[in-house]
Amino acid sequence: MRGVVAAGFVPGVRSRARAALRDLLEEFVAAVRAEPFDPSRGARIGAELVDLRMSAPPVLGTTVTLFAGRLPAAMGGPAGDETRQRTAARGGPAGDESRQRTAAMGGPAGDETRQRIMALLGTLSTGFVAAQRDAALRAAEEMNRAEKIHWRGVQADLQRRLQQALLHRPDTGLPNEQYLRKHLAETIAGRGGERLGLCLVSLDRYDEVTDTLGHENGVLLLAEVARRLRPLGFLAHLADDQFAILLVGTGGVDDVLKVADRVSRLLAHEVAVTAGVVERAAAGTDPDGWLHDARLALRWATQDNARPGVFEAGRAEDDRRRHRVAATIPAALAAGEFTLRYQPLVRLADRAVIGVEALARWHRLEPRQFIPMAERTGVIHELGRHLLERACRAGAAREGLRISVNVSPVQLAAPGLVATVADVLHRTGLPAGRLQLEITETAAVIEHRAVLDRLAGLGLRLALDDFGTGYASLAELVTLPFAEVKLAAEFLAVPRSGTAEVLRGVVGLCHALGVTVTAEGIETAEQERVLREAGCDHGQGFLFGRPEDGLPS
């Protein structure tokens, strides 16, 4: 026990350790005396030392030293005789005590005893080391298992946090669009026989709010919006300025409209909102369809200035049809499908033809249908250039005729419009003074005053088309470089008392500003007479001629 304690740590109570060591010693001695002799029993003793946690390497050295040096003497043989001689030389009872122990133990002696002890010590060392190795492997496996468990926990936490990040908005903590799609799919699968409602809410001018109040206040606004809307249904945050509310078990679109109205009232003091709603049976639908239709309804609400917009399948089909047609416009333009027809412009005083208006035509659709499509898709710029060049080439071949070409307000926003017009005039050879550009009266006209001035600077004439529809006033007309106004056909559509006086007043004011006046939509001799008496300069309409493929002779 003293040797082991000196060699390494001995765990537990010392008396138990002594008892265990005594048992192992007796087992070792029994193995030496056993017949037949089995050296492998030493391996179990070495393993037991490790199991007792007496596994420090010096413990093995101490064990081998003590057993090899002391045990043979205790069991008899040459070593024992030598010990007895040294004891006898010293005298005293110790020699007698040693002889008594040796006699008591009995058994093999001499060289055979030493050989058995050495063989057992060999297997004891092997068993000790093997047990150490096994213990180390078990410890390593335990550590590996514990590490795997730890990392599984870490990975599970990371996965949870990643899922949270992927499926929720960081600013409000609400489910995002991906989560909403997943939730919609589960709801549709679980409630196929019920009706659902989806209300898409957009915060008006949210970018202006953040620009004015700062990003941090914008985030606070989103958090407040989320807090107020959460009780209304399953709430998701799709974009900075867009929220969605999913309703289950609706009885019709009115249920969703009521929620949209509550949203407006709940947020009335913080921000204005626009909403688009969809309501229908869940069976046979999918998340993509719900979100697409809700966004379409939201766009309609913005276009129609309606609060809220309600999805309608018929209108959606009309939109799809228009988009399909709009997609064919570039190819149709390249194929030369767009043509011009020319309608005469006459001087009312003598009905002399002073010019023509070049009108765009496409065999597939009416101008009022394809022109807005071209404007929305941006094709209007290429289409306008094509038709302008075609009209100018035709006009250059005829002396004296004024060529009037329509320019979309969308074209006014193009940075290269003035350069395009100048290039067309140069390449076609049409004098600038014989080209008149007609620009429809809209709010955009006033916004692009600088562009109008540069166009007028080319020497061409500018005409304000559909004058009187409410966007431009005579006061604004003074500051704009228009040489002519074209009265909207509505002036003549429904004759009523006082119409002649109104016409005379408008024409007189225009003349006072140095602007000539053309009336559109003249279809009867009576309308011509009234306009002539009112002092109107020029006229255009079916009374004088319909649009034709070529220039009038």
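**Notes on a barrel and its helices**

Q: How does G336 count, buried or exposed or partly exposed?
A: G336 has 39% relative accessibility, so it counts as partly exposed. The cut-offs are under 20% for buried and over 50% for exposed. Keep in mind that this is a predicted model.

Q: Where is G336 found?
A: G336 sits in the loop that joins α13 to β6.

Q: How many Å apart are G336 and H386 in space?
A: Their C-alpha atoms are 9.7 Å apart, with the two positions 50 residues apart in sequence numbering.

Q: And which strands does α13 lie across?
A: Helix α13, residues 313-334, lies across β6 (338-347) and β7 (352-362). The helix runs at about 120 degrees to β7.

Q: Which strands make up the closed barrel?
A: There are eight, in the order β6-β7-β8-β9-β10-β11-β12-β13, and the pairing is mixed.

Q: In what sense do β6 and β7 pair?
A: Antiparallel, over 10 bridges. One of the pairs is L345 with G355 of β7. The hairpin has four residues between the strands, and among them R351 takes a positive phi near 60 degrees.

Q: Is β7 mostly covered or mostly exposed, and how many of its residues are buried?
A: Mostly covered: eight of the 11 residues in β7 are buried.

Q: What about β7 and β8, parallel or antiparallel?
A: Parallel, with four bridges between β7 and β8, the latter spanning residues 402-407. V356 has I403 of β8 as its bridge partner.

Q: Moving along, how many bridges does β9 have with β10?
A: Five, in the parallel sense, between β9 (residues 435-440) and β10 (residues 461-467). E438 is bridged to A463 in β10.

Q: What is the phi of D466?
A: Phi of D466 is near 55 degrees, which is positive although the residue is not a glycine. D466 belongs to strand β10. With a relative accessible area of 27%, D466 is partly exposed, because that value falls between the cut-offs for buried and exposed.

Q: And how many bridges join β10 to β11?
A: Three, and β10 and β11 run parallel. F467 pairs with L487 of β11.

Q: Which residues of β11 point which way?
A: In β11 (residues 484-487), E484 and K486 point one way, while V485 and L487 point the other way. All of them are buried.

Q: In what sense do β11 and β12 pair?
A: Parallel, over four bridges, with β12 covering residues 516-519. L487 stands opposite A519 in β12, and L487 is also the bridge partner of F467.

Q: Back to helices. Which residues of α14 are buried?
A: F370, M373 and A374 are the buried residues of α14, residues 367-377. They cover an arc of only 100 degrees around the axis, so they are on the same side of α14.

Q: Why would residues a few places apart point the same way?
A: An α-helix has 3.6 residues a turn, so residues three or four places apart point the same way.

Q: What is exposed on the other side of α14?
A: R368 and R376 are exposed there.

Q: And what do the buried residues of α14 pack against?
A: They pack against α13, β6, β7 and α15, the last being residues 380-396. Just after α14, G378 has a positive phi of about 85 degrees.

Q: How do the axes of α15 and α17 cross?
A: The axes of α15 and α17 (residues 417-428) come within 9 Å and cross at roughly 35 degrees. The crossing is right-handed. On α15 the contact is made by R385, L388, E389, C392, R393 and A396, and on α17 by T420, V421, D423, V424, L425, R427 and T428. Those contact residues divide into six nonpolar, two polar and five charged.

Q: Different topic. Where is P36, and is the peptide bond from E35 cis or trans?
A: The bond from E35 to P36 is cis, with omega near -5 degrees. P36 lies in the loop between α2 (14-33) and α3 (41-51). In general, most peptide bonds are trans.

Q: Last one: what is the phi of R205?
A: Near 55 degrees, a positive value in a residue other than glycine. R205 is in the loop between β1 (195-203) and α9 (206-213). R205 is exposed, with a relative accessible area of 54%.

Technical notes:
Residues numbered from 1 in each chain as written. Predicted model: local features only at pLDDT ≥ 70, side-chain atom pairs only at ≥ 80, totals over all residues. Heavy atoms only, no water. Pairing = 2+ DSSP bridges. Helix = DSSP H or I, 4+ residues; strand = E, 2+ residues; numbered from the N terminus. Contact = heavy atoms within 4.5 Å. Axes fitted to C-alpha atoms, helices over the stretch in contact; angles between N-to-C directions. Buried < 20%, exposed > 50% of the residue type's maximum accessible area, 1.4 Å probe, protein only. Arc of directions from axis to C-beta. Left-handed = near helix turned anticlockwise from the far one by under 90°. Nonpolar A, V, L, I, M, F, W, Y, C, P; charged D, E, K, R; others polar.
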